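Here's an informal walk through one protein chain, with an eye on helix packing and on empty space. Have the viewer open as you read.

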Amino acid sequence: MTVETPASAATGAAARDDVHDEAGVVLPVGIIGFGWMGRAHAQAYARIRHHYPDLTPVPRLMVIADEVTDRAASAAVQFDVPATVADWREVVADPTIGAVSVTAPNFLHRDIGCAVAAAGKHLWIEKPVGLSAADARAVASAAATAGIRTAVGFNYRNVPAVAAARELVAAGEIGEVTHARFRLFSDYAAHPDGALSWRFQRDRGGNGVLGDLASHGADLVWFLLGDIASLVADTAIFVAERPRPTAATAGHQLASGGERGPVENEDYVSAQLRMAGGARCVLEASRVSVGAQNSYGFEIHGTKGVVRWDYRRMGELEVGAGDTYQDLSVATRFVGPGSGDYVAFQPGAANPMSYDDLKVIEAARFCGSIADPTRAGATIDDAVRAAEVLDAMTTSVREGTWVAPASMR
């Protein structure tokens with residue numbers, strides 16, 4: 001395969017437009033950063049027309065930017081992408097590119113996100129959008145100034161069962177919400193010989209598990225229960241040192257035997273939340289939970305019932321509702337067509353969906369919002385809201401007191 005530069009790829013983009021004239025407008029797309037999440041975005045773009053055949057514009061992946069050139073070249077072959085570059089600035093400068101996915105490390109989000117927006121390109125960026133709420137606000141301001149569409153990777157709100165739970169709560173099926181618990185437990189950093197990658201450095205990975213996992217929790221809490229009025233938090237680092245990698249690492253690789261260095265950001269966070277509507281909530285996240293692999297979920301109690309969801313049983317809700325109050329039975333509901341975007345993937349209830357399906361929904365909402373803003377999913381404004389919750393957690397730990405997120409002060 002001949003790998004083109006972005007400038008020479010313009011001809012390839014134009015040639016491919018002709019192929020899809022009857023399907024709708026083509027959206028030339030670039031991806032910046034091609035680790036696991038970059039691959040998830042590429043797969044999502046490729047699958048959009050399988051599940052949303054009438055959606056426009058239709059994305060066409062035209063360029064991949066990654067400093068690991070062999071990885072980019074391999075991906076270009078797999079996804080039939082005409083161009084790869086090592087410098088993300090070439091993607092931003094390419095006038096043929098209409099939208100960009102940013103799946104680079106957290107410390108690069110602000111610079112890349114602002115540059116993409118300033119170039120007038122629509123932006124799909126992964127959470128947490130930088131290292132702080134200030135970073136997320138900077139990207140949001142640039143996007144607003146440019147008038148571009150945005151999407152942020154809060155994929156768990158795209159689960160059809162989560163959409164069903166939201167409708168159930170809003171309809172008052174479990175009465176008035178009294179208290180809830182949200183958990184995001186994983187073991188991806190549980191091994192003490194996990195390499196000391198950028199994820200464990202304050203200036204590159206930000207606030208550790210807060211950005212990695214608690215950001216999802218903050219978005220889910222808002223999506224299901226509304227605004228957080230105030231919170232008090234506690235954090236901990238349980239694996240204090242890790243071996244420095246001797247070469248570039250992919251994912252969460254081990255690096256046993258190397259010189260050890262300090263872990264600078266959080267392994268664990270627990271927060272008590274006071275909701276604006278009066279409910280109480282606990283949000284807990286850990287990246288070092290031995291025996292827990294993607295153990296994400298929530299339990300919401302109301303005056304007349306309860307609803308529970310576990311990501312590992314994505315298509316199920318446990319629901320108890322009625323007027324008995326005590327000794328209430330809880331039954332499993334299998335989510336099907338009619339809940340969220342389920343019908344785009346399966347024809348009947350209890351057919352399982354996957355993480356990758358959630359990214360397809362995210363991609364479809366992003367692309368669809370370019371033609372119709374009402375189709376938007378999570379946007380940069382949602383990233384700002386979640387980041388303000390994380391900043392409030394950090395302030396609470398430092399000051400030892402209850403703190404209101406910035407938007408609630």
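A quick definition to start: a residue counts as buried when its relative accessible area is under 20%, and as exposed when that figure is over 50%. Keep in mind, too, that this is a predicted model.

**Helix α3**

With that cut-off in hand, take helix α3, residues 69-79, where the buried residues are A72, A75, A76 and F79. Looking down the axis of α3, these buried residues fall within an arc of 105 degrees, so they line one face of the helix. Turned away from that buried side is a face carrying the exposed residues D70, V77 and Q78. What sits over the buried residues? The cover includes α2, β2 and β3 (83-85). Right after α3 comes D80, with a positive phi near 55 degrees.

**Helix α5**

Helix α5 (residues 109-118) can be read in a similar way. H109, I112, G113, V116 and A117 are its buried residues. Viewed down the α5 axis, they fall within an arc of 130 degrees, so they line one face of the helix. D111 and A118 are exposed, on the face of α5 turned away from its buried side. The elements covering the buried residues of α5 include three strands, β1 (26-32), β4 (99-102) and β5 (122-125), along with the helices α4 (88-93) and α6 (133-146). Just after α5, G120 takes a positive phi of about 80 degrees.

**The annotated span**

UniProt, in an unreviewed entry, lists residues 29-154 as "domain: Gfo/Idh/MocA-like oxidoreductase N-terminal". In the model, that span is 45% helix and 21% strand, and its end C-alpha atoms lie 20 Å apart.

**A pocket between α2 and β2**

Now for the empty space. Rolling a probe the size of a water molecule over the atoms shows where such space is left. The second largest pocket holds about 270 Å³. Its lining has 11 residues, and Y45, A46, P59, R60 and L61 are the closest to its centre. Which elements give two or more residues to this lining? They are α2 (36-51) and β2 (58-65).

**Closed cavities**

How many cavities of 30 Å³ or more are there? The count is 4. The largest cavity has a volume of about 100 Å³, and the second largest comes to about 70 Å³.

For the largest cavity, the lining is made of A218, W222, G226, D227, I228, R385, A386, V389, P405, S407 and M408. Both α9 (209-225) and α11 (380-399) supply at least two residues here, with α11 giving the most, 3 residues.

Around the second largest cavity, the lining includes N106, P128, G130, L131, S132, G205, G206, N207 and G211, as well as A387, L390 and D391. α11 again gives the most to this lining, with 3 residues.

Here is how the linings divide by residue class:

| Space | Nonpolar | Polar | Charged |
|---|---|---|---|
| Second largest pocket | 7 residues | 1 residue | 3 residues |
| Largest cavity | 7 residues | 2 residues | 2 residues |
| Second largest cavity | 4 residues | 7 residues | 1 residue |

If you're browsing the cavities, α11 is a handy place to start, as it gives the most residues to the lining of the largest cavity and to that of the second largest cavity.

How values were computed. Residues are numbered from 1 along each chain as its sequence is written. This is a predicted model: local features need pLDDT of at least 70, side-chain atom pairs count only at pLDDT 80 or more; totals for chains, interfaces and linings use all residues. Side-chain values use heavy atoms; hydrogens and water are left out. Buried means under 20% relative accessible area, exposed over 50%, partly exposed in between (1.4 Å probe, protein chains only). Helices (H or I, at least four residues) and strands (E, at least two) are DSSP runs, numbered from the N terminus. The arc is that of the directions from the helix axis to the C-beta atoms. Contact means heavy atoms within 4.5 Å. On a 1 Å grid over the protein atoms alone, a cavity is a set of points where a 1.4 Å probe fits but cannot get out, and a pocket is an open set with protein on both sides within 12 Å along at least five of seven lines; lining residues have an atom within 4 Å of a point. Grid points are joined across faces, edges and corners, and a volume is the space filled by probe spheres set on the points. Ala, Val, Leu, Ile, Met, Phe, Trp, Tyr, Cys and Pro count as nonpolar, Asp, Glu, Lys and Arg as charged, and the others, Gly among them, as polar. UniProt positions are given in the numbering used here, feature names are shortened, and annotations may be inferred rather than shown by experiment.
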